[in-house]
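Good morning, and thank you for coming. I would ask you all to look at the sequence and the structure as I go through them.

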Amino acid sequence: MSTGQRTKLHGVFSTLTESKVGAGATTKQTFQKTYWFVEELKNEIVEVQPLNSHDVPSGPKNTVAKEEFLDNFEPEPEYYVEVVLPRIRNLDATIKRGEKHRDRSENYSAEYEFNSAIAVDEDNVRANFGLGLTYLDRGETGRADDIFRRLVVLEAIFEPRHKHLFNEFGISLRKNCMIDQALEYYHKAESICKRDENLYLNIARAYFENGEVEDCLKYVNKSLDINSDHEEAGLFLEYMREIGYGGDRVADSECVAPQKIKNKKSPAPDFNFNI
């Protein structure tokens, strides 16, 4: 018996779909081949994602039991190596160029690269985040809102590998006075992700700027319920009391600011959270 680690399924596979065209004596049987990007997960589960017309993985991911997968999917190693892998690498290189341009505040060059990537894969999370952040950097909130509408329906934005971009985009929405969008964005995260005190604090910040006292207090409380020693949530509550935000509703709040707060005169900053 081999003691080596078993190689997991990874690469491009295909399926054949049979259909009939015509009727009677003119009926013809046809087959449609569909290519899939495949990654084996834990517990004998295989994740499959279709390739788009540009031969890159795009669109919704589905999972299939490994036994069922092996019965219905055929390996396409040559197609993966010769066609798909080079196109994935080219797409990644285009996005990296866009990110470098944005880091250097070269926003128009960044926009070009991100749009080039989206032309290949319109659902690419990194490219859409990058383009949305580029528009927010330029104060073009209308165009940023178009990207937001595209992003908020993509479940992939909540994958852990996109955590940094997700956080940055949410903070940028709020700082560009796109409070309703920021709230929609954060509440989508709330419905999908685990309980997170920093997410709740960021929601409280957005409600604070919208003047929605009850909801602001609700989410400060939720943050402190998870972590009663959360210094920044306590600082934020103390700041609201100092400026008279919400009047007696805030003053009488049962939230308790940490003892180490010493006359902090500014609100808590935004915080990254885990997704």
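In which loop does Glu44 lie? Glu44 belongs to the loop between strand 2 and strand 3. Before I continue, please note that this is a predicted model.

Let us stay with Glu44 for a moment. Its phi is near 60 degrees, a positive value in a residue other than glycine. Glu44 is partly exposed, because its relative accessible area is 44%. Strand 2 and strand 3 form a hairpin with 4 residues between them, and Asn43, in the turn, also has a positive phi of about 60 degrees.

Now to the strands themselves. Strand 2 covers residues 28-40 and strand 3 covers residues 45-50. They run antiparallel and are joined by 5 bridges. One pairing to find on your screens is that of Glu39, whose bridge partner in strand 3 is Glu47. Strand 3 also pairs with strand 4, residues 62-65, again in the antiparallel sense, over 4 bridges. There, Val48 stands opposite Asn62 of strand 4.

Let me step back to the chain as a whole. It contains 11 helices and 5 strands. Of its 275 residues, 44% are buried. The chain exposes about 15200 Å², and carbon and sulfur atoms supply 47% of that area. Among contacts between residues at least 6 apart in sequence, 57% join residues at least 24 apart.

I turn next to the aromatic residues. How many aromatic pairs does a search of the whole structure find? The search finds 14 aromatic pairs. One of them is formed by Tyr35 and Tyr79, which are stacked, with 4.1 Å from centre to centre and 15 degrees between the planes. Tyr35 lies in strand 2 and Tyr79 in helix 2, residues 77-103, so this pair ties together parts that are 44 residues apart in sequence. Are these two rings buried or exposed? The answer lies in between: Tyr35 is partly exposed, at 22% relative accessible area, and Tyr79 is partly exposed as well, at 21%.

A pair with another geometry is that of Phe208 and Phe236. Their ring centres are 5.3 Å apart and their planes stand at 70 degrees, so the pair is edge-to-face. This pair links distant parts of the chain: Phe208 is in helix 8, residues 197-209, and Phe236 is in helix 10, residues 231-243, with their positions 28 residues apart in sequence. Phe208 is buried, at 15% relative accessible area, and Phe236 is buried too, at 0%.

Phe236 has a charged neighbour to point out. Arg205 lies over the face of Phe236, at 5.6 Å from the ring centre. A further example is Lys222, whose charged end sits over the ring of Tyr200, 4.6 Å from its centre.

We come now to the interior. The largest nonpolar core has 55 residues. Which residues have the most contacts inside it? They are Phe129, Ile157, Phe169 and Tyr185. Helix 8 gives the most to this core, with 8 residues. A second, separate core has 9 residues, including Phe13, Trp36, Val46 and Val64.

Phe169 deserves a closer look. Leaving aside residues up to four places away in sequence, Phe169 touches Phe129, Gly132, Leu133, Leu136, Phe148, Leu151 and Tyr185. Phe169 is also part of one aromatic cluster, together with Phe129, Phe148, Phe166, Tyr185 and Tyr186.

Phe148 leads us to Gln181, in helix 7, residues 179-192. Gln181 touches Asp145, Phe148, Arg149 and Leu173, not counting residues up to four places away in sequence. Is Gln181 buried or exposed? Gln181 is buried, because its relative accessible area is 15%, and the cut-off for buried is under 20%.

I shall end with two further positions. Gly142 is in helix 5, residues 141-151, and is partly exposed, at 46% relative accessible area. Gly142 and Met178 are 36 residues apart in sequence, and their C-alpha atoms are 9.9 Å apart in space. Finally, Ser105 lies in the loop between helix 2 and helix 3. Ser105 is not a glycine, yet has a positive phi of about 60 degrees. At 57% relative accessibility, Ser105 counts as exposed.

Methods
Residues are numbered from 1 along each chain as its sequence is written. This is a predicted model: local features need pLDDT of at least 70, side-chain atom pairs count only at pLDDT 80 or more; totals for chains, interfaces and linings use all residues. Side-chain values use heavy atoms; hydrogens and water are left out. Two strands pair if DSSP finds at least two bridges between them. Helices (H or I, at least four residues) and strands (E, at least two) are DSSP runs, numbered from the N terminus. Rings of Phe, Tyr and Trp (its six-membered ring) pair if their centres lie within 6.5 Å; planes under 30 degrees apart count as stacked, over 60 as edge-to-face and the rest as tilted. Buried means under 20% relative accessible area, exposed over 50%, partly exposed in between (1.4 Å probe, protein chains only). A charge sits over a ring if NZ of Lys or CZ of Arg is within 6 Å of the ring centre and within 35 degrees of the ring normal. A nonpolar core is a set of buried Ala, Val, Leu, Ile, Met, Phe, Trp, Tyr and Cys residues joined through side-chain atoms within 4.5 Å. Contact means heavy atoms within 4.5 Å. Accessible areas come from the Shrake-Rupley method with a 1.4 Å probe; for residues, only the protein chains shown count as cover.
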